[in-house]
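Work through the exercises below with the sequence and the 3D view open. Try each task before reading its solution.

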Amino acid sequence: MSAKAISEAKGKELLNKYLEGTAMVNKVASVKVDVNWNQLIADHPWLNQEKLVVKPDQLIKRRGKLGLIKAGADLKGVQEWLQTKLNKDFQIGAATGKLKNFVIEPFIEHKQEEEYYVCIYSNRYADTILFTHEGGMDVGDVESKAAKLDIPVDTDTSADKITQKLLTKVPASEKEALSKFIFTLYKVYKDLFFTYLEINPLVVKQGKIYILDLAAKIDQCAEYLCKAKWGDIEFPPPFGRDALPEEAYIADLDAKSGASLKLTVLNKKGRIWTMVAGGGASVIYADTICDLGGASELANYGEYSGAPSEQQTYEYAKTVLSLMTEEADSRGKILIIGGGIANFTNVATTFKGIVRALQEFQQKLIEGKVVIYVRRAGPNYQEGLRIMRELGTSLGISIHVFGPETHMTAIVSMALGKREIPSNPKAMPTTANFLLPGNSQSPGGSRRGSFEQNKSSSCNSESSVPSKVPKSTEQKETQTTALFTKETKSIVWGMQARAVQGMLDFDYVCSRKDPSVVAMIYPFVGDHKQKFYWGHKEILVPVYKNMDDCMKKHPEADVLISFASLRSAYESTMETLNYKQIRTIAIIAEGIPENMTRHMIHVAQQKGVVIIGPATVGGVKPGCFKIGNTGGMLDNILASKLYRPGSVAYVSRSGGMSNELNNIIALNTDGVYEGVAIGGDRYPGSTFTDHIMRYQTDPQVKMMVLLGEVGGVEEYRIVEAMKDGRITKPLIGWCIGTCAKMFTSEVQFGHAGSCAQGTTETADAKNKALKDAAAVVPRSFDELGDAVRDVYNKLVSDGTIVPKPEVAPPTVPMDFNWARELGLIRKPASFMTSICDERGQELLYAGIPITDIFKEDMGIGGVLSLLWFQRRLPRYATKFIEMCLMVTADHGPAVSGAHNTIVCARAGKDLISCLASGLLTIGDRFGGALDAAAKQFSEAYDSGLIPMEFVNDMRKKGKLIMGIGHRVKSINNPDMRVVILKEYVQKHFPCTPLLTYALEVEKITTSKKPNLILNVDGFIGVAFVDLLKNCGCFTREEAREFVEMGALNALFVLGRSMGFIGHYLDQKRLKQGLYRHPWDDISYIMPDSVDPQL
C-alpha cells in the first residue's frame, strides 16, 4: 500500500518540526495501556499545570459525536475518565475493538466562530486545498460549502492566491496569518509526501493558530526519501482490527523479501481460509466468497506473489495454517489455495513450500476436518498440481485440484456447495512449456477459431506503423493510434535476461521477421553483448552502460521497457522522456512515490508519450509484441492463442489478472486482440479510458473487456464515454473489490490504488454505473466468462465476427534448464558435492541448516566436522580440533612460512599473495609432518612392530621418524603445546593406543638425545588417528582414507593460515619497508678464477 494513515500524535510531531512557527507548537502526551503516570508527568510537566483534553488516537472519525473526547478537565479528571475507556471494548458501527491509545493535550478555550476547517488531498492531476470558516464537530458536508483551490501537478501556489481563493469569509485581521499558515502547510504536505491532511478544527485566537484535531496519511513508498525527516514511524491498524503477531511476522517477511507477502486476519473463528497468489486474484477470491454468501465465514485476506521462494511460501503457509487450526469447527473448515495464471512465478516451487507446511500440520488438518481446493496455473503448473494431487493421498484429507481449464473462482462455488465438483477435470492439452518438434497441432484445439491475419490487420500492415503520438491534455485520452505493431522495436532497461528471452520466443512464435528487442541498458556494467536465442539459433543483443549511446545507435526503437528498481525507475524514466523517438514506456516497478509518479505522468503527457505502469507486468498484442513477462511462459501463450490476434481487447489494473483474462477470453471467444495491465499503483501512467478509446477506434477490435477495481474514479470516465456515445462497441465490465462492504474495518487490498475513499469509489457503485450505461456486468467475477461468451456468440451470430481456422505457430525449442526443471531430460552433472548446499532458503552444511549450527553452538570444530568429515563428531572431538587450530596458529616469525609471508608483505603484495607465499612452504620439512607421522606410526603399530623394532627399522632404512625431534624443546624443556594437548586427549578420548605407542617410541629416542621428543606435529598426527579410529563415527577403512587424503595436514594449513594473516597485518600496521637480506648473513663462496676454456 502507498497511502497509509498515521497517528495524530505523529502527525502533530511532524508539523511541530516543519511548520516554521506559523502555528503554535502542539503539546502532546501519548497514553497507552501500560502508562506510567509518574514518568508521563515528569516528561510533560504541563499536565499538572493546564486544563486538558483527552481523546483516543486510533484512526477513529467523529470522536466528538461518539463521546470519545473529554475536554476542559484537570489531570485527575482525565485519569478518572480514562479508567472507563482505556483498554475497554468500544463499538463503532459494525467494528468492535479496544481503546488502547490516547493523547492528552492542553485544552484551548475558544468560540465557535474561531473554528476553521482545512484539508489537503491529492488526485491524479492536482493537489486540492479545501477551506471553510465553519469548522468543528458539525462541519457537515465540506465539499458543498468549502472554498476550493486546485494546484495542478508541477505548479505551486502563493499566499496571495490562497487569500483570494480560500479566505474570502475570514476576518481581515486573520487573513495574513492564515494564508501564511496554509501556504507553509501545503509546502510541508509536499515535502513530507503527505497524501491527505485534514485539520478540524483549526482555531485562530488572538492572532495565534492552534491545530486541535488532525488526520493524515503519508506515502509509505517515500520512506527511502523521507526517513530522516519522518524519523521512526508506525502505521496503526484500523480501529476494530488489532495487529496480530502472525500479521506482524508476515509483514516482517514481506519487508525482507523482493516478493509480496500480505496477511490480514478478518475473523479468527471463520471457516473459510485463503492462500491466494497475486494481488488482483486475492481480491477476486474474497469478492467471490462474499458474493456467494460466505462473508461471515471469511477468516482472512492476503496474498503471496512476485515469485516467492519455497522457504518463503512455507513460512507464509505455516502461519496461515497455525491460525486456521487454532480452533476447531464441528462443520469442518475450507482452505482455498487459489490464484490466476502466473506470469513468471514457478508454481511448483511455491507449491513445494505449501506442501511442506501442509505435511507439518497433517494431524491438525485431519482433526479439523479441513477440505482443500486448489486452482493454479503458470510456469511449471503441471508439476505443482501433480504434487498437490499426490499430497491428498498421503495426507489423508480431501484435496480437489484444478488447473487453467477451470475458471479461476470455480473452486469457491465448489467449496460453498454452489457447483458440482468434477471427478476428472479435463486438463489443457499443452506439453510442458513449449510445442515439441513434430507437433503440428496447436495446443488447445478445443478453443474457438480466430481471424486469419490479413493485410488490414495492424499486426501485418506495412502502412499501420503508427505516426507520432499527438500531444494530449490531462483530461483527454493519451492517443488513439496503435501502441504496438509487428515492426515495433524496443529497448529493455535492466539486466532481465529471462524477460528478454521470453519476448524473443514470443516474437518467433508470432512469426515476426526480426526480434522486438534491439538493445538493453544497464548502467552498472560496461558496454558488451548478451547472448540470446532466436528460435534455434543464437543471436547477440547489445548492452549499453549509457542511455544516450543506446538511443543514438538504435533510433528505430520506440518502446522502452523499464525493469529499474523503485529507487531508480523515476530517474531512468525521466531521462528516457528526453528522447523523442520513444513513444511508449512500460514501468514494471511498484512503489514509486506518488508525487514522483504524477510528475512523470505530467511530463509524459506533454511529450505525447504513453506510460504503462508503474506496478505492472505490461501488456500484449497477440501476433505483434509483448512487454517483458506479460502472458507468462510459452505454454500459456500457446494455450491462450496469443501468437495471433483475436477480436477481444481488454484492460485491467492487475498484471496477474491480465493473464487470467487471456485465459478466459481464449476459452470463450476467438482470442485476444490486445490487452494492457495499466498497473496497480494509485496513479497509473495511462488510464482505462486511454486504452478503451484506442480499442474503440480500432476496426479489428469487436468487443472490449474492462476489469476495474475498488478505489479511484477512472471507471466513471468510461461510463461518461458510453453515455455520450464515444464508446459504442460492446463492453463487458466488472470491478473487483465488492467484498469491501462486508468488512467491519478498512482493508487495504493488494494494489496501492484499491482502497475506496468514498461511496462512489466502491466496486458496487462502479458496477452499477457501468450497468446503467449499458455495459454488460455479470453478477460476480465467477460469471465473467459466461458474460464474455454470450456477447461473443451474439456478435458471431450477427456476422460482426467471422471465426477463421487456426494456423499452427512455429515450434520453439525448449531451453535446457527449463526442460530439466520439468523433468523431461537428464544430464550428468559436471561436479558433485556432498558437504554444502546453498540453493534453498537456508545454507546447509552436510544437511544441517546454518541456523541449527548456531542454535546448538557447534563452534568452528563442529563446522569442520561437517565440512571435512560429513559427521557430527562428539563434542570432545570438535573441541580437540579447535585446540589443534589454536596451538598450530603460529610459531614465530623465524619459521619459513611466516618468514616468506613477512618478506612478501614488505614487498607491498596483497593479503592473498602473502598468504599463498607462506602456505607454499608447507611440506615434509615444514608443517607437513602430521600426515607423515600418522602414516609411519600407524603402519608400525598395525604391523605389530614393538617401539624398539620400529626405531631400529627406521635407522636401518636411513629414514627420519616424522613427528620426532625439536630444535629447541627437549624432554627437560617440554613443549607446552604438547603438554596441554596430551592432558586433554588422555582425559577425554575413549582410548589412545597409537598415542601410547608413540610415547613409548619417544622414551627410546630421548634416551639417545633429549630433544628427540614427540613434537606437536607428531602428537596431533597420532592423536587424530586415535580419534578417527575410536570415536565410533568412522570405519577403519574410512579413518585410513582420511589420513591418506591429507586431512591431518589440513589442520596445520588452516591453523597456520591464521598466523600468516597475523604476520601480514602486523607488517602493514608497522609500515615496514622492502626487505633486503643483510650481506653479513650471507656466505659468498666464489671461485678464485674461471678457466676461460670452460
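Two strands count as paired if DSSP finds at least two bridges between them. The model used here is predicted.

**Exercise 1. A three-stranded sheet**

Task: Find which residue in S34 is the bridge partner of Asp837.

Solution:
- Start with the sheet, which is open and has the strand order S33-S34-S35 with antiparallel pairing.
- Next look at its edges, strand S33 (836-837) and strand S35 (848-849), each of which pairs on one side only.
- S33 is joined to strand S34 (residues 844-845) by two bridges, and these strands run antiparallel. Two bridges are enough for a pair, because at least two are required.
- The bridge partner of Asp837 in S34 is Leu844.

**Exercise 2. A seven-stranded sheet**

Task: Give the strand order of the open sheet of seven strands, and say which strands stand at its edges.

Solution:
- The order is S22-S23-S21-S20-S24-S25-S26, and the pairing is mixed.
- Strand S22 (528-534) and strand S26 (610-612) stand at the edges; each has a single partner strand, so one side of each lacks a neighbour in the sheet.
- On average, neighbouring strands of this sheet are turned by 25° against each other, with direction ignored.
- In general, strands of a sheet pair through backbone hydrogen bonds, and the pairing is either parallel or antiparallel.
- For S22 and strand S23 (residues 537-544) the pairing is antiparallel, over seven bridges.
- Within this pair, Lys531 stands opposite Leu540 in S23.

**Exercise 3. A hairpin**

Task: State how many residues lie between S11 and S12 in their hairpin.

Solution:
- Strand S11 (residues 194-205) and strand S12 (residues 208-211) run antiparallel and are joined by four bridges.
- Lys205 has Lys208 in S12 as its bridge partner.
- Two residues lie between the strands of this hairpin, and Gln206 in the turn has a positive phi of about 55°.

**Exercise 4. Two helix residues**

Task: Decide whether Leu919 is buried, partly exposed or exposed, and do likewise for Arg386.

Solution:
- Recall the cut-offs: buried is under 20% relative accessible area, exposed is over 50%, and partly exposed is in between.
- Leu919 belongs to helix H30 (residues 911-919). Its relative accessible area is 27%, so Leu919 is partly exposed.
- Apart from neighbours within four places in sequence, Leu919 is in contact with Val1053, Ser1057 and Phe1060.
- Arg386 is found in helix H13 (residues 381-395). Its relative accessibility is 35%, so Arg386 also counts as partly exposed.
- Now turn to distances between C-alpha atoms. Arg386 and Val401 are 15 residues apart in sequence and 8.7 Å apart in space. Leu919 and Ser122 are 797 residues apart along the chain, and their C-alpha atoms are separated by 67 Å.

**Exercise 5. The whole chain**

Task: Describe the protein chain by its helices and strands, its burial and its charges.

Solution:
- The chain holds 37 helices and 35 strands.
- Its C-alpha atoms fill a box of roughly 115 × 90 × 80 Å along the principal axes.
- Of its 1094 residues, 56% count as buried.
- Among contacts with a separation of 6 or more, 74% join residues 24 or more positions apart.
- The accessible surface is about 48000 Å², and 52% of this belongs to carbon and sulfur atoms.
- There are 129 positive and 125 negative charges, and their mean positions are 1 Å apart.

Note on methods: Residues are numbered from 1 along each chain as its sequence is written. This is a predicted model: local features need pLDDT of at least 70, side-chain atom pairs count only at pLDDT 80 or more; totals for chains, interfaces and linings use all residues. Side-chain values use heavy atoms; hydrogens and water are left out. Buried means under 20% relative accessible area, exposed over 50%, partly exposed in between (1.4 Å probe, protein chains only). Contact means heavy atoms within 4.5 Å. Accessible areas come from the Shrake-Rupley method with a 1.4 Å probe; for residues, only the protein chains shown count as cover. Lys and Arg count as positive and Asp and Glu as negative; His and the chain ends are not counted. The place of a charge is taken as NZ of Lys, CZ of Arg, CG of Asp or CD of Glu. Axes are lines fitted to C-alpha atoms, for helices over the stretch in contact, and angles run from 0 to 180 degrees between N-to-C directions.
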